[in-house]
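Trainee: I'd like to learn how to read a strand and the sheet around it. Can we go through one together?

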Amino acid sequence: TYTGLYSFDGNEMEVLKEQNKNLQEQIDELKHVIAGLALPTDLKSAVTAEDISPLLGANIPNPYESNTIIPFRINGMKSSAAIVVTSLATGRVVNAIPVSKEEKFISFDSERLESGTYLYSLYIDEQLVETRKMQIVK
């Protein structure tokens with residue numbers, strides 16, 4: 001039991017340990033995904049940015065309750081890029097998030113969305129690149 005400003009019983013400490021373990025697993029998974037978006041150093045000189053295809057990765061975690069990370073890679077953008085989130089049930093766009101080629105991922109908050117299945121799509125210069133599904137559970 002911690003004896004500082006806060007006092008935790010054994011059950012509270014176990015809950016905190018489990019939450020910490022889950023967060024560390026998410027961090028490790030994100031590191032793995034982000035590492036996959038980068039080129040190994042020995043390939044960087046052989047491949048130019050124009051040779052790398054745009055990419056929209058699977059959101060992490062999925063399903064999720066309140067916040068998820070969506071990895072992506074943008075290439076060949078002339079004017080704009082965005083990730084557009086659409087409700088699968090209604091077909092309505094619920095969010096359009098402008099992104100830049102310098103970014104590698106966005107954090108998406110589902111605070112105002114209901115539980116359900118949503119699609120998220122990467123558009124570069126108004127052209128659809130790829131679409132994926134994500135599940136919100138509350």
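Trainee: Which residues point one way from strand 3, and which the other way?

Mentor: First, the ground rules. This is a predicted model, where local features need pLDDT of at least 70, side-chain atom pairs count only at pLDDT 80 or more, and totals for chains, interfaces and linings use all residues. Residues are numbered from 1 along each chain as its sequence is written, and side-chain values use heavy atoms, with hydrogens and water left out. Now the general idea: in a regular strand the side chains alternate between the two faces of the sheet. Here, Ala-81, Ile-83, Val-85 and Ser-87 point one way from strand 3, while Ala-82, Val-84 and Thr-86 point the other way. Strands are DSSP runs of E with at least two residues, numbered from the N terminus.

Trainee: Is strand 3 enclosed or open, and why?

Mentor: Buried means under 20% relative accessible area, exposed over 50%, and partly exposed in between (1.4 Å probe, protein chains only). In strand 3, 7 of the 7 residues are buried, so the strand is largely enclosed by the rest of the structure. Take Thr-86: its relative accessibility is 16%, so this residue counts as buried.

Trainee: What order do the strands of the sheet have?

Mentor: Strands of a sheet pair through backbone hydrogen bonds, either parallel or antiparallel. The cut-off for pairing is at least two DSSP bridges between two strands. This open sheet has 4 strands in the order 4-3-6-7, paired antiparallel. Strand 4 (93-98) and strand 7 (127-136) stand at the edges with a single partner strand each, so one side of each has no neighbour in the sheet.

Trainee: How many bridges join strand 3 to strand 6, and how many join strand 3 to strand 4?

Mentor: Strand 3 is joined to strand 6 by 7 bridges, and to strand 4 by 5 bridges. In the first pair, Thr-86 has Leu-119 as its bridge partner; in the second, Ile-83 stands opposite Ile-97. Leu-119 also has a bridge partner in strand 7, namely Lys-133. Strand 6 (residues 116-124) and strand 7 share 9 bridges.

Trainee: What links strand 3 and strand 4 along the chain?

Mentor: They form a hairpin with 5 residues between them, and Gly-91 in the turn has a positive phi of about 80°.

Trainee: Which residues is Thr-86 in contact with?

Mentor: Contact means heavy atoms within 4.5 Å. Leaving aside neighbours within four places in sequence, Thr-86 is in contact with Gly-91, Arg-92, Val-93, Val-94, Tyr-118 and Leu-119.
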